[in-house]
Protein chains: 2
Amino acid sequence: ALAAPAIAQAAPKITWRVTSSFPKALDTIFGAAETMSKHVSEATDGNFTLQVFPAGELVPGLEAADAVSAGTVEACHTASYYFWGKDPTYALGCATPFGLNVRQMNAWLYYGGGIDLLNEFFHTQNLHYLPCGNTGVQMGGWYRKEINSLADLQGLKMRIGGFAGKVAEKIGIVPQQIAGGDIYPSLEKGTIDAAEWVGPYDDEKLGFYKVAPYYYYPGWWEGGPTLATMVNLDKWNELPPAYQAVIRAATEAANGNMMASYDQKNPTALKTLVAGGAQLRPFPQDVLSAAFDAAQATYAEISAANPAFKKIKDSQDAFKRDAYLWAQIAEYNYDTFMMVQQQAAKL
Amino acid sequence: ALAAPAIAQAAPKITWRVTSSFPKALDTIFGAAETMSKHVSEATDGNFTLQVFPAGELVPGLEAADAVSAGTVEACHTASYYFWGKDPTYALGCATPFGLNVRQMNAWLYYGGGIDLLNEFFHTQNLHYLPCGNTGVQMGGWYRKEINSLADLQGLKMRIGGFAGKVAEKIGIVPQQIAGGDIYPSLEKGTIDAAEWVGPYDDEKLGFYKVAPYYYYPGWWEGGPTLATMVNLDKWNELPPAYQAVIRAATEAANGNMMASYDQKNPTALKTLVAGGAQLRPFPQDVLSAAFDAAQATYAEISAANPAFKKIKDSQDAFKRDAYLWAQIAEYNYDTFMMVQQQAAKL
């Protein structure tokens, strides 16, 4: 008789609405929120339910953080860099040009104090941040003409999202904000010269290779973009500790799971794209070097005026220096050897 | 009045013992089982408890799978390749020479049908397999003298574990089975010429650099070793679905979390080792090529006699071919550029 109320209290019926910033068509990214939701429901015998809604159904994709901060919905699944216009510090929870790769992001977030540092900032926005997905290094987009040097980027009209555009314009690109569905006709008509989206699996569905066949890499502005589940801070604090733990485990599982999903889907899509006429090209070194310098200049400008940004960016940079020292040793040499075998058709 | 029994039934008090194959001193690997246990306990308000025991306390580390299969303990946290002597198929749940790297293992396991394929086999052993941790590419071990070519490996007495030894002996190495605590004195006395352990973080603690300073890479026999939680199959089947879901999410979270932990700890340890006198050396190409050929020959021999092994290995190989095609594009070029910046002290 005593035990029942305690159990009932520990497992209350709670339903939250989670607004995604993504359409269902981006099934891998949208799917990370569904993976999280499934884990949460299963782990609580259906007592704690996260209802995931695609962008636009409850709230437009780019207003997700505002809606959660205001408590209109309890949580969102989003890319925090969408909201860099409110404060560039938002971008550090997702990706900034030449930032940490996926393994480094995870190491910094879970063991390098990253989650706590980010939440110091996000709590000021009435948001609680939990990593929830990663795409890995993205591709550098589709171009109607070849890019042989930095000169070819001058005045190039390119669909490129958010914070990256701020760096891209420093090297001569004219960034354009265009929604996913409008990119193909814009490229076809030549209203724009280039467009970046995600990587082989998502890009294939939109068919860009038919109108802008040069497919450049790497996407230097998205080395390890981390998606996030952001929860209204008051709602987070009201949650029973067991449910907080369930969400933490579910987001952590979904975080790795989304990367695994892309790693399974991208190779096949890449082969299909190349068979369909996509021309793979590495960015020229002068493009990468100029972009790298432009990024550093951008960070210096922001850091001079924004202590929250500076504190988190400095932590990421310190982590990155050592991480890329170690990454050159065992991992890189193993992968290099295996790639040589792949090229020799020995795998 | 109706609800209380249903809830009580759904959240029964269950305590399992989990025997680890590792000592507490390997805190990162041992820690993955603790991470899993913590998530499970928190998610069930303490109703489902996994008590993790270090190797030797309940069961010797190398008898973990037998003990779980027999039901002596409910579960273990282990490296399934320890049990390759029972059947080489065990090794495919962890690592085989020139196998999948960490991202590829995760993609294959969670999206390429890997977990189900492995469980087809593990269920015949009365075990249920759940991925639970990864070290990433390991180092190639500590050598008293430099290895300048394959000739220098002939007759070399090396502490190298399990299945890898089967391939190593094909290229002239004389594999030695030596427990962790006995490696240092054996190297010091010259009873052995070389020894592999894990990577910078774990290797530093055992001090090998003082007696065998040449530290080779990459560990070609361990490209992405996956640790596993293996559960007695009857115990797994008896578990309420919600608790199965809790374990699945907890192991999936711990799987990524352990990699993040190593990625945070290895860079610092590497710097300390080099400062202490460790001499980093890449394996000569003829060593890697001979080892690769020896590995393929070994797989062909085993596959000819063991259909379960062949089925799983063929699936991993098919996955690997496409994965290493895609890995050469965005990820590799991004990392390469960043490593060049790291070497130029620009990060």
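Q: Is Arg159(A) buried or exposed in this predicted model?
A: Burial is read from relative accessible area, and under 20% counts as buried. Arg159(A) has a relative accessible area of 12%, so it is buried. Arg159(A) lies in strand S6, residues 157-159 of chain A.

Q: Which residues does Arg159(A) touch, leaving out those up to four places away in sequence?
A: Arg159(A) touches Gln176(A), Ile178(A), Ile183(A) and Ile192(A). Ala194(A), Ala195(A), Glu196(A) and Trp197(A) complete the list.

Q: What does the record say about Arg159(A)?
A: The UniProt annotation "binding site", from an unreviewed entry, covers Arg159(A). That annotation also covers Gln138(A), Glu196(A) and Glu222(A). Such annotations may be inferred rather than shown by experiment.

Q: Where is Gln138(A), and what does it touch beyond four places in sequence?
A: Gln138(A) is in the loop between strand S4 (127-134) and strand S5 (142-143) of chain A. Its relative accessibility is 5%, so Gln138(A) counts as buried. Its contacts include Glu196(A), Trp197(A) and Glu222(A). Pro218(A) and Gly219(A) are also among them. One of the contacts is in chain B: Ala330(B).

Q: How does Trp197(A) fit in with these residues?
A: Trp197(A) touches both Gln138(A) and Arg159(A). Glu222(A) is another of its contacts, and so are Asp202(A) and Asp203(A). Leu26(A), Gly180(A), Ile183(A), Leu206(A) and Phe208(A) are on the list too. Trp197(A) sits in the loop between strand S8 (194-195) and helix H8 (200-206) of chain A. At 16% relative accessibility, Trp197(A) counts as buried. The UniProt annotation "binding site" of the unreviewed entry covers Trp197(A).

Q: How do I read a cis peptide bond or a positive phi?
A: Most residues other than glycine have a negative phi, and most peptide bonds are trans. Here, the bond from Tyr217(A) to Pro218(A) is cis, with omega near -5 degrees. In chain B, the bond from Tyr217(B) to Pro218(B) is cis, with omega near -10 degrees. Pro218(A) lies in the loop between strand S9 (214-217) and strand S10 (226-232) of chain A. Pro218(B) lies in the loop between strand S9 (214-217) and strand S10 (226-232) of chain B.

Q: What is phi of Phe98(B), and what is it for Asn126(B)?
A: Phi of Phe98(B) is near 60 degrees, a positive value in a residue other than glycine. Phe98(B) lies in the loop between strand S3 (75-78) and H4 of chain B. With a relative accessible area of 1%, Phe98(B) is buried. Asn126(B) has a positive phi of about 65 degrees. Asn126(B) is in the loop between helix H5 (114-122) and strand S4 (127-134) of chain B.

Q: How many disulfides are found over all chains?
A: A disulfide is a covalent bond between the sulfur atoms of two cysteines. The search of the whole structure finds 0 disulfides. Take Cys76(A): the nearest cysteine sulfur, that of Cys132(A), is 11 Å away. The cut-off for a disulfide is within 2.5 Å, so Cys76(A) is in no disulfide. Cys76(A) has 0% relative accessibility and counts as buried. Cys76(B) is in no disulfide, and the nearest cysteine sulfur, that of Cys132(B), is 11 Å away. Cys76(B) is buried, with a relative accessible area of 0%.

Q: How many cavities of 30 Å³ or more are there?
A: Rolling a probe the size of a water molecule over the atoms shows where empty space is left. The search finds 8 cavities of 30 Å³ or more. The largest cavity has a volume of about 520 Å³.

Q: What lines the largest cavity?
A: The lining has 30 residues. Nearest the centre lie Glu331(A), Asp335(A), Arg103(B), Glu331(B) and Asp335(B). By class, the lining divides into 18 nonpolar, 4 polar and 8 charged residues. Among the elements that each supply at least two residues are helix H12 (307-327) and helix H13 (330-343) of chain A and of chain B.

Q: What is the volume of the second largest cavity?
A: Its volume is about 300 Å³. Of the 24 residues lining the second largest cavity, Asn106(A), Gly256(A), Asn106(B), Gly256(B) and Met259(B) are the closest to its centre. H4 and H10 of chain A, with H4 and H10 of chain B, give two or more residues to this lining. The classes are 10 nonpolar, 8 polar and 6 charged.

Terms used. Residues numbered from 1 in each chain as written. Chains lettered and ligands numbered in written order. Predicted model: local features only at pLDDT ≥ 70, side-chain atom pairs only at ≥ 80, totals over all residues. Heavy atoms only, no water. Buried < 20%, exposed > 50% of the residue type's maximum accessible area, 1.4 Å probe, protein only. Contact = heavy atoms within 4.5 Å. 1 Å grid on protein atoms, 1.4 Å probe; cavity = no way out; pocket = protein on both sides within 12 Å on 5 of 7 lines; lining within 4 Å. Points joined across faces, edges and corners; volume = space filled by probe spheres on them. Nonpolar A, V, L, I, M, F, W, Y, C, P; charged D, E, K, R; others polar.
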